[in-house]
Amino acid sequence: MPEISCTLSTADHLGAWKGRWGINRMSYLVPAGLYAVGEPNADAPVVVTANYKMSFDLVRRALHGRHVWLLVLETFGINVWCAAGKGTFGTDELVNRIARSGLPGVVAHRRLILPILGAPGVSAHQVKRRSGFDVAYATIRAADLPEYLDNGERTTAAMRALSFTWYERMVLVPVELVLVLRPAALMGAALYLAATFLGGSGAAASTALLAYLGAVFTGVAAAPVLLPLLPGKSFAVKGALAGVIYSALLYAVAGGASWGVPVTLAAFLALPALSAFYTLNFTGCTTYTSRSGVKKEMRLGLPLMGGALLAAALLLVAGSLLS
Amino acid sequence: MKGFRYLEGVATLELDEALCVGCGRCLEVCPHQVFEMEEKRARVADKDACMECGACALNCPVTAISVDSGVGCASGMINEWLREKNIRGFGGGGSCG
């Protein structure tokens with residue numbers, strides 16, 4: 001039975017930081033199985049988590065100084081909530097892991113403590129039927145586990161309430177930027193060539209490239225962080241508004257007065273459309289948007305975004321031919 | 001959720017109150033406090049707060065709840081559509097692992 005430390009080392013913190021930047025993120029995992037925190041006996045509680053190392057680290061740190069069994073499920077290095085959505089943090093894996101780890105022979109009771117965000121993948125009554133273990137959905141955050149264990153394993157309203165704080169939004173941004181890097185670099189290079197061809201100068205092409213990358217950044221990073229400050233409920237609208245503000249700033253600092261009407265119009269059409277798309281895509285990272293809502297936004301928003309980009313392209317070509 | 005509300009009138013969540021046995025699991029698993037208990041039966045109190053994660057439906061022992069749950073980001077859905085239409089060359093590179 002592996003015994004684990006509850007103190008995170010510099011290497012653990014560095015690993016988490018690298019994961020946030022998408023470095024080795026998909027192989028940042030620990031082996032699934034049963035671990036001992038402290039010196040648990042047959043009556044000690046059993047806490048269940050995912051084998052993403054960042055999840056594992058948060059849980060073991062929260063359990064510092066306690067005697068608890070930690071049952072780690074094979075989620076292939078994915079966190080609890082995302083793995084539950086995919087079904088890997090799920091009923092089958094939990095039931096199989098209980099059997100494979102020998103848990104029924106290790107503990108005298110039949111109760112498992114699961115994270116609330118694991119519930120989209122786990123059917124408690126199925127687990128009970130197939131394994132004999134009762135599932136208690138305890139808390140959303142690992143940090144609330146000590147209080148939960150101390151108050152007789154009762155979930156308070158605060159432990160059940162999701163949040164989406166400035167910090168919680170900010171830590172999501174680096175990996176989103178890294179994921180968009182490659183497509184943005186390819187699109188940027190194509191745009192640079194097109195702008196050189198149409199605009200006839202390297203300076204115009206550089207401005208176009210900067211404008212494009214700024215719009216992507218606005219949609220991927222700025223709007224998500226500023227989310228509550230941007231009006232409306234729709235992410236596409238929030239992103240478009242952020243894009244309009246960005247376009248106005250760009251106009252002011254990048255010599256907008258000399259752009260001419262077609263380029264100015266094209267900028268104010270295309271840049272907010274790009275920001276809107278990327279902010280809409282951030283719905284995949286939020287803690288409160290629904291699939292049906294995103295579908296509705298896409299149905300209404302994607303044609304508008306596509307139309308704006310097409311109109312911008314036509315304006316640029318027409319402007320270049322006329323000048 | 002405190003400080004954040006998404007689009008109204010879109011959630012596909014349905015609860016058949018006649019089937020409910022009042023076990024309270026849906027209240028236990030919902031991270032947005034969509035349900036409440038009334039006379040030992042669950043009822044939907046705040047449907048617009050539902051993020052369609054599907055936890056309540058999966059954990060309801062009498063299948064009284066239904067909801068269309070699944071991938072919720074734009075690029076994930078575009079990939080899903082492309083896969084459904086069998087367009088090759090796309091559909092890979094899942095952003096969230």
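Start by colouring chain A by domain: the centres of domain 1 of chain A and domain 2 of chain A, taken over C-alpha atoms, are 40 Å apart. What you have open is a predicted model. For the selections, the domain assignment gives 3–162 as domain 1 of chain A and 167–322 as domain 2.

**Stop 1: where the domains touch**

Now show the contacts between these two domains. On the domain 1 side of chain A you will find 5 residues, and they meet 7 residues of domain 2 of chain A. Coloured by class, that domain 1 side shows 2 nonpolar, 1 polar and 2 charged residues.

**Stop 2: a β-α-β unit**

Next, select residues 111–114 of chain A, which form strand β5, together with helix α6 (residues 124–131) and β6 of the same chain. Together β5(A), α6 and β6(A) build a right-handed β-α-β unit. The two strands run parallel and are joined by 4 bridges. For a landmark in this pairing, pick L114(A), which sits opposite Y137(A) of β6(A).

Stay with β6 (residues 134–137) of chain A and turn on its side chains. Which of them are buried? V135(A) and Y137(A) are, and they point to one face of the strand. D134(A) and A136(A) point to the other face and are not buried.

**Stop 3: the nonpolar cores**

In soluble globular proteins, nonpolar side chains tend to be buried together. Here the largest nonpolar core has 70 residues, and V47(A), V48(A), L70(A) and V122(A) touch the most other members. Highlight strand β4 (residues 68–73) of chain A as well: with 6 residues, this strand gives the most to the core.

Then centre your view on V122(A). Leaving out residues up to four places away in sequence, V122(A) touches A84(A), F89(A), G90(A), T91(A), L94(A), L114(A), V127(A) and V135(A). Two names from the previous stop return here: L114(A), the partner opposite Y137(A), and V135(A), one of the buried residues of β6(A).

Another core, of 41 residues, lies apart from the largest one; to find it, select V180(A), V216(A), Y246(A) and M305(A), which are among its members.

**Stop 4: chain B meets chain A**

Finally, bring chain B into view. How many of its residues are in contact with chain A? There are 36, and they meet 34 residues of chain A. On the chain B side, the elements that give two or more residues are α1 (25–29), α2 (55–59) and α3 (74–84). Select α3(B) to see the largest share, 4 residues. By class, this side of chain B has 19 nonpolar, 12 polar and 5 charged residues.

Notes
Residues are numbered from 1 along each chain as its sequence is written. Chains are lettered from A and ligands numbered from 1 in the order in which they are written. This is a predicted model: local features need pLDDT of at least 70, side-chain atom pairs count only at pLDDT 80 or more; totals for chains, interfaces and linings use all residues. A residue is buried if 20 or more other C-beta atoms lie within 10 Å of its own, exposed if 12 or fewer, and partly exposed in between; C-beta atoms are placed from the backbone. Two strands pair if DSSP finds at least two bridges between them. A crossover is right-handed if, with the strands pointing away from the viewer, the path from the first strand over the helix to the second runs clockwise. Domain bounds come from an automatic or database domain assignment. Ala, Val, Leu, Ile, Met, Phe, Trp, Tyr, Cys and Pro count as nonpolar, Asp, Glu, Lys and Arg as charged, and the others, Gly among them, as polar. A nonpolar core is a set of buried Ala, Val, Leu, Ile, Met, Phe, Trp, Tyr and Cys residues joined through C-beta atoms within 7 Å.
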